[in-house]
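The following exercises concern helix packing, strand pairing and burial in a single protein chain. Please attempt each task with the structure in view before reading its solution.

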Amino acid sequence: MRVLVIGSGIAGLSCAIALRRAGHEVVVYERAPELREVGAGISLWWNALATLDHIGAGAAVRAVSLAMTRSELRVRNGFKVAVGTIAAEMGRRAGLPEIVRMTHRADLVGALAGCLPTGVTQYGFECVGVDEAGDKVTARFRNGHADTGDLVVGADGINSAVRAALFGASAPRYAGYTCWRGVCPRPAGVEPGYVGEWWGRGMRFGITTIPGDRVYWFAVANAPAGHGIPDPGRPAALFRDWAAPVPELLAATPPAAIVHGDILDRPPARPWAQGRAVLVGDAAHPTTPNLGQGGCLAIEDAVVLARCLATAADVPAALAAFTEERFVRCAGVTQESWQFGRLAQLEGRVACALRNTVVGLTAPLSGGGPMLKYARYDVGPLPGGAS
């Protein structure tokens, strides 16, 4: 088939790689004028790493990522809430060769783009509509271009134009907290492979090491809806009295390099497909980032979609099978991530003290179970033995 993929982010590029590997002709249309990715760091759990191996992109992604060696949870004064998790021990207990790797989003997108031939992705094409006629579907673009194929894949994010064309425009759901993200040089006191999350009252700070002796950090704070875009220097003020290395990381990041965005998702809902068009990744099932599974689920979508296209009687049946297989898993991540965020963003003094005590007592018993719940998953190889 000829497949038109709208969006060249993680979901779109993964789908293009998987669909080409399954024998389809693919064209990727991206509204940006060039290859680029906003944001900062991203975690790739075993479910994503195994899926990347199935589409032949695992080695390229590992080359630009860093394996986690240990993780921990602390509170704002630096007190350790729970005994740190050693990744190798967790992997042995879980029976997984790897637990999680960390990378910069731009490096991940670059690695995926490098798995495609030159010319597959067309830049500067903003999709404005999707029309179906018989056994063909056409994507229309703001610059006047139109292209017709057998399938359109909407991989254009939480505010997907394909989603709006199929089901009407609707606003995403605000989680109640906003986030600043940045990347800076790794200080000597933070070892490579370290991942940590620090909790306060209605505030969190995340520390993730990535390749190149860098740290990706995120700073989260509760804020009312419609609060506007805060000053990029705001996190330095909000977190100034937190224990080291939090203030050091903020001071090492130029304000102009800090990315801000509200935390959004959409409540799980179907359909994801109509006729010969389907949504994948954040266009279908955007989730808050609390479980680190948003990008991982998008990568999984790619192989499942390719498999359903190979095994179903026709395209509409394949898209129905894809939605049926993916919905429950993706809805589970969305719902649990939303609830985790509510717990982590508690503001009350007593509630936070109780939360920290309970987490400290239960974390050693769980052995990373809550985070491994979705990582212990393998979508399986592509049809025909391609893996």
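**Exercise 1. Determine the handedness with which α1 passes α9, and describe the contact between these helices.**

Solution. Step 1: α1 passes α9 in a right-handed crossing; a crossing is right-handed if the near helix is turned clockwise from the far one by less than a right angle, and left-handed if anticlockwise. The helices and strands named here are DSSP runs, numbered from the N terminus (helices: H or I, at least four residues; strands: E, at least two).

The model is predicted: local features need pLDDT of at least 70 and side-chain atom pairs count only at pLDDT 80 or more, whereas totals for chains, interfaces and linings use all residues. Residues are numbered from 1 along each chain as its sequence is written, and side-chain values use heavy atoms, with hydrogens and water left out.

Step 2: The axes of α1 and α9 (residues 294–311) come within 8 Å and cross at roughly 30°. Axes are lines fitted to C-alpha atoms, for helices over the stretch in contact, and angles run from 0 to 180 degrees between N-to-C directions. The two helices are therefore roughly parallel to each other (under 35 degrees counts as roughly parallel, over 145 as roughly antiparallel, 65 to 115 as roughly perpendicular and the rest as oblique).

Step 3: From α1, the contact uses I10, A11, S14, C15, A18 and L19; from α9, it uses G295, A298, I299, A302, V303, L305, A306 and L309. Contact means heavy atoms within 4.5 Å.

Step 4: By class, the residues of the contact of α1 with α9 are twelve nonpolar, two polar and no charged. Here Ala, Val, Leu, Ile, Met, Phe, Trp, Tyr, Cys and Pro count as nonpolar, Asp, Glu, Lys and Arg as charged, and the others, Gly among them, as polar.

**Exercise 2. Describe how α1 packs with α5, and state which residues of α5 are buried.**

Solution. Step 1: α1 (residues 10–21) and α5 (residues 105–113) pack at an angle of about 20°, their axes being 9 Å apart. That angle makes α1 roughly parallel to α5.

Step 2: The crossing of α1 and α5 is left-handed.

Step 3: I10, L13, S14 and I17 of α1 meet R105, L108, V109, L112 and A113 of α5. The contact of α1 with α5 comprises seven nonpolar residues, one polar and one charged.

Step 4: L108, V109, A111, L112 and A113 of α5 are buried (buried means under 20% relative accessible area, exposed over 50%, partly exposed in between, with a 1.4 Å probe and protein chains only). The buried residues of α5 pack against α1, β3 (41–45), α2 (46–54), α3 (58–62) and β7 (100–104).

**Exercise 3. Establish the strand order of the six-stranded open sheet and locate the helices on it.**

Solution. Step 1: The order is β8-β2-β1-β12-β19-β18, with mixed pairing. Two strands pair if DSSP finds at least two bridges between them.

Step 2: β8 (121–123) and β18 (273–274) stand at the edges with a single partner strand each, so one side of each has no neighbour in the sheet.

Step 3: β2 (residues 25–30) and β8 run parallel, joined by three bridges, and Y29 stands opposite Q122 in β8.

Step 4: α1 lies across β1 (2–6), β2, β8 and β12 (151–154), at about 170° to β2. Helix α10 (residues 315–344) also packs on the sheet, touching β12, β18 and β19 (277–279), and its direction makes about 15° with that of β19.

Step 5: β1 and β12 run parallel, joined by four bridges; the bridge partner of I6 in β12 is G154. β12 pairs with β19 in the parallel sense over three bridges, with V153 opposite V278.

Step 6: In β12, L151 and V153 point one way and V152 and G154 the other way, and all are buried.

**Exercise 4. Decide whether L250 and A251 are buried or exposed.**

Solution. Step 1: L250 lies in helix α8, and A251 is also placed in α8 (residues 246–251).

Step 2: L250 is buried, with a relative accessible area of 6%. A251, at 68% relative accessibility, counts as exposed.

Step 3: Not counting residues up to four places away in sequence, L250 touches F205, W217, P235, A236 and F239.
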